[in-house]
Amino acid sequence: MSFSNLLRLLAGSGLLFFAVMPALAQPPRPNLKGEVMVLEFHHMGGHNARWRRSFPSFDRDLQRLWARGYRPVTLRQLTSGTFKLPAGTTPVVLSFDDSLLHQIKFTPAGRLAPDCALAHWIAFSHRHPGFAVRPVFFVNSAYHLAFRQPRFAAAKLRLVIQLGGEIGNHTWVHSNLGRNRKAAEDIGRGQQALEHWLPAGYHMVSFALPYGIFPHPHSLAWRGQWRGAHGRLIRWHYRNVVLVGNGPAPSPYSRRFQAHRIPRIQDYDHVLSHWLSYFHQHPERRFRSDGRRHLVRRFARR
Ligand SMILES: [Zn+2]
């Protein structure tokens, strides 16, 4: 008997309601203490490699995340609890490090070019409006590094904010902060350049450690100051510090969550497949929204 014949038979017998409705009506049970993936990308486009995701693979990643009930939020939203997702879905963060060209590329006329991750994501979300554009870009802001098109740096950052994404500091020149005796300068210069480009009033709350290596003392990664040119004092106070690896992050509602050591998952090769099947095999470990907003009180004000 074909499936449609079966449905017809069940409908005739009045059993259709009982056979189909429970599956449709009941999203998976909420699990606010479950784990969350913070994905991490570097080079985009070209052939897949250790630090590079091709566009067909990226498109497929978005499709798989969408189909399996993952919905994008920024890191700022995740750790402050200021996101509201349909019941049963799971937040996921997609972050991009090192401000590389094919993450956000502009045409010579200053428009978003189609061959970049941001354009691919926007196109995907047009086809799947529930999959919002919420990228997090960790930017190296030395002039020549700013998405490799420095004259468009400010416009690119503005575009990300307008779309609902997030900008975080990744230092000025991507030094090894554990060895750099001027670590505060690399963080502070990065903060200063981004403040210069970002829209007035935009307050960065996230920092990505180059190579995942902490400065000395570690607290310099989230709080510090540096006296720049003309004696200007640059201060930073980030609530989120992300690592380079190496697995899902605890829920921000879990006691295991540490905002200054948020693990990430590098999206290359079969790594995403591995974690998708991990959550499939261990559904109890996966964060599931209950459809409501739950502010993390110590963070929601910032
Ligand atoms: Zn980096």
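This passage walks through the confidence, domains, core, one helix and one loop residue of a predicted model.

Confidence comes first. The predicted model has a mean pLDDT of 92, and 90% of the residues reach 70 or more. Residues 9-23 are a stretch to read with care, as the pLDDT there is below 50. Beyond near neighbours in sequence, residues 9-23 make five contacts in the model.

The chain is divided into two domains, with domain 1 spanning residues 1-30 and domain 2 spanning residues 34-300. Their centres, taken over C-alpha atoms, lie 41 Å apart. Contact between them involves four residues of domain 1 and five residues of domain 2. On the domain 1 side, the touching residues comprise three nonpolar, no polar and one charged.

Turning to the interior, the largest nonpolar core contains 59 residues. Val38, Leu39, Val92, Val93 and Ala117 have the most contacts inside this core. Valine 38 gives a good view of the surroundings: leaving aside residues up to four places away in sequence, Val38 touches Leu75, Val93, Ser95, Val242, Ala249, Ile262, Arg264 and Ile265. Val93, one of these partners, is itself among the core residues with the most contacts.

Helix α6 covers residues 153-163, and its buried residues are Ala153, Lys156, Leu157 and Val160. These residues are on the same side of α6 because they cover an arc of only 95 degrees around the axis. The spacing fits a familiar rule: an α-helix has 3.6 residues a turn, so residues three or four places apart point the same way. Among the elements that cover the buried residues of α6 are strands β6 (136-139) and β7 (166-169), together with helix α7 (183-197). Just after α6 comes glycine 164, with a positive phi near 105 degrees.

Where does aspartate 267 lie? The residue sits in the loop between β12 (262-266) and α8 (271-281). Aspartate 267 counts as partly exposed because 19 other C-beta atoms lie within 10 Å, whereas a buried residue would need 20 or more. Setting aside residues up to four places away in sequence, Asp267 touches Leu39, Glu40, Phe41, Arg53, Asp61 and Leu272. Leu39, in this list of partners, also belongs to the core residues with the most contacts. Aspartate 267 and histidine 42 are 225 residues apart along the chain, yet their C-alpha atoms are separated by 8.8 Å.

Definitions and conventions. Residues are numbered from 1 along each chain as its sequence is written. This is a predicted model: local features need pLDDT of at least 70, side-chain atom pairs count only at pLDDT 80 or more; totals for chains, interfaces and linings use all residues. A nonpolar core is a set of buried Ala, Val, Leu, Ile, Met, Phe, Trp, Tyr and Cys residues joined through C-beta atoms within 7 Å. A residue is buried if 20 or more other C-beta atoms lie within 10 Å of its own, exposed if 12 or fewer, and partly exposed in between; C-beta atoms are placed from the backbone. Two residues are in contact if their C-beta atoms, placed from the backbone, lie within 7 Å. Domain bounds come from an automatic or database domain assignment. Ala, Val, Leu, Ile, Met, Phe, Trp, Tyr, Cys and Pro count as nonpolar, Asp, Glu, Lys and Arg as charged, and the others, Gly among them, as polar. Helices (H or I, at least four residues) and strands (E, at least two) are DSSP runs, numbered from the N terminus. pLDDT is the predictor's confidence in each residue, from 0 to 100. The arc is that of the directions from the helix axis to the C-beta atoms.
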